[in-house]
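Work through the exercises below with the sequence and coordinates open. Each task is followed by a solution in steps.

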Amino acid sequence: MKVQQSVDAADEYRKGTRRRGEELERAILSATLEELAAVGYQGLTMERVATRARTSKTVLYRRWAGRAELVMDACKAGGMSNVDVPDTGSLRTDVIALLRQMSDTMDSPFGGIMRGLLAEMTRDPELGRLIRERVHKAGPTSIRSVLERAVERGEVDRAMVDSRRATVATDLLRNHFLLFGTPVGDDVICEIVDEVYLPLVLRQT
């Protein structure tokens with residue numbers, strides 16, 4: 001089967017029907033996500049992605065130094081780290097809306113991919129570095145934006161925005177996801193916000 005797929009890719013090249021530029025890149029990134037869903041990060045190889053995308057490993061290595069960078073770009077292209085920062089008018093409802101949005105992503109096909117990638121971080125230092133830089137920061141960046149608005153409304157002290165307490169809500173949601181999977185119930189989200197997060201960050205009067 002692998003030999004036949006390689007022959008098909010070669011035929012495509014000879015016939016002048018090769019995809020180029022953005023079309024080819026989209027095909028590669030899509031193939032990467034499909035491979036992640038099928039075999040996980042541990043089983044993913046540049047060769048498998050190239051075969052699924054009907055291209056060559058050489059083409060992949062021209063664009064990406066290795067599979068960690070390829071996977072992170074595929075996750076970004078797939079919208080795994082996209083977060084729309086809510087603006088409901090109050091800190092409580094903003095944080096609940098943000099956690100619900102993150103929970104929906106965790107409960108999507110990306111959730112299984114995300115869980116697998118997080119599990120692989122300890123075995124692949126380069127993957128771990130890229131996750132911390134490109135994916136993990138999405139939650140903290142969003143919650144800090146929410147806190148900035150709360151500061152403007154007088155709900156939170158400005159010092160809270162850059163404190164360790166700022167990311168407790170998103171950290172707890174992620175930990176619950178890793179331990180118990182999905183769906184993350186709305187009762188869990190409200191408990192995180194009402195029983196833990198708000199008592200930590202709200203301005204004391």
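## Exercise 1: A salt bridge and its surroundings

E120 has a relative accessibility of 8% and therefore counts as buried. The model is a predicted one.

Task: Find the salt-bridge partner of E120 and classify the exposure of R123.

Solution.
1. E120 pairs with R123, and their closest N and O atoms are 2.9 Å apart.
2. The cut-off for a salt bridge is 4 Å, so a separation of 2.9 Å qualifies.
3. R123 has a relative accessibility of 54%, so R123 counts as exposed.

## Exercise 2: A pair between two helices

Task: Which residue forms a salt bridge with D94, and which helices hold the two partners?

Solution.
1. The partner of D94 is R153, with 3.7 Å between the closest N and O atoms.
2. R153 belongs to helix α9 (residues 138-153) and D94 to helix α6, so the bridge ties together parts 59 residues apart in sequence.
3. D94 is buried at 0% relative accessibility, whereas R153, at 32%, is partly exposed.

## Exercise 3: A pair within one helix

Task: Describe where R129 and E126 lie and how exposed R129 is.

Solution.
1. Both residues are in helix α8 (residues 125-135), three residues apart, which is about one turn of the helix.
2. They form a salt bridge whose closest N and O atoms are 2.6 Å apart.
3. R129 is partly exposed, with a relative accessible area of 32%; E126 is also partly exposed, at 33%.
4. Elsewhere, salt bridges with shared partners join E34, E35, R48 and R52 into one network.
5. Over the whole structure, the search finds 13 salt bridges.

## Exercise 4: Two helix crossings

Task: How are α2 and α5 oriented to each other, and how are α6 and α10?

Solution.
1. The axes of α2 (residues 21-43) and α5 (residues 67-77) come within 9 Å and cross at roughly 115°.
2. Angles from 65 to 115 degrees count as roughly perpendicular, so α2 and α5 are roughly perpendicular to each other.
3. The crossing of α2 past α5 is left-handed.
4. Residues of α2 in the contact include I28, L29 and L33, and those of α5 include L70, V71 and A74.
5. The residues of this α2–α5 contact divide into 11 nonpolar, two polar and two charged.
6. The axes of α6 (residues 91-106) and α10 (residues 168-180) come within 11 Å and cross at roughly 30°.
7. That angle makes α6 roughly parallel to α10.
8. α6 passes α10 in a right-handed crossing.
9. Among the contact residues are V95, L98 and M102 in α6, and L173, R174 and F177 in α10.
10. The α6–α10 contact has eight nonpolar, two polar and one charged residue.

Terms used:
Residues numbered from 1 in each chain as written. Predicted model: local features only at pLDDT ≥ 70, side-chain atom pairs only at ≥ 80, totals over all residues. Heavy atoms only, no water. Axes fitted to C-alpha atoms, helices over the stretch in contact; angles between N-to-C directions. Helix = DSSP H or I, 4+ residues; strand = E, 2+ residues; numbered from the N terminus. Parallel < 35°, antiparallel > 145°, perpendicular 65-115°, else oblique. Left-handed = near helix turned anticlockwise from the far one by under 90°. Contact = heavy atoms within 4.5 Å. Nonpolar A, V, L, I, M, F, W, Y, C, P; charged D, E, K, R; others polar. Salt bridge = Lys/Arg side-chain N within 4 Å of Asp/Glu carboxyl O. Buried < 20%, exposed > 50% of the residue type's maximum accessible area, 1.4 Å probe, protein only.
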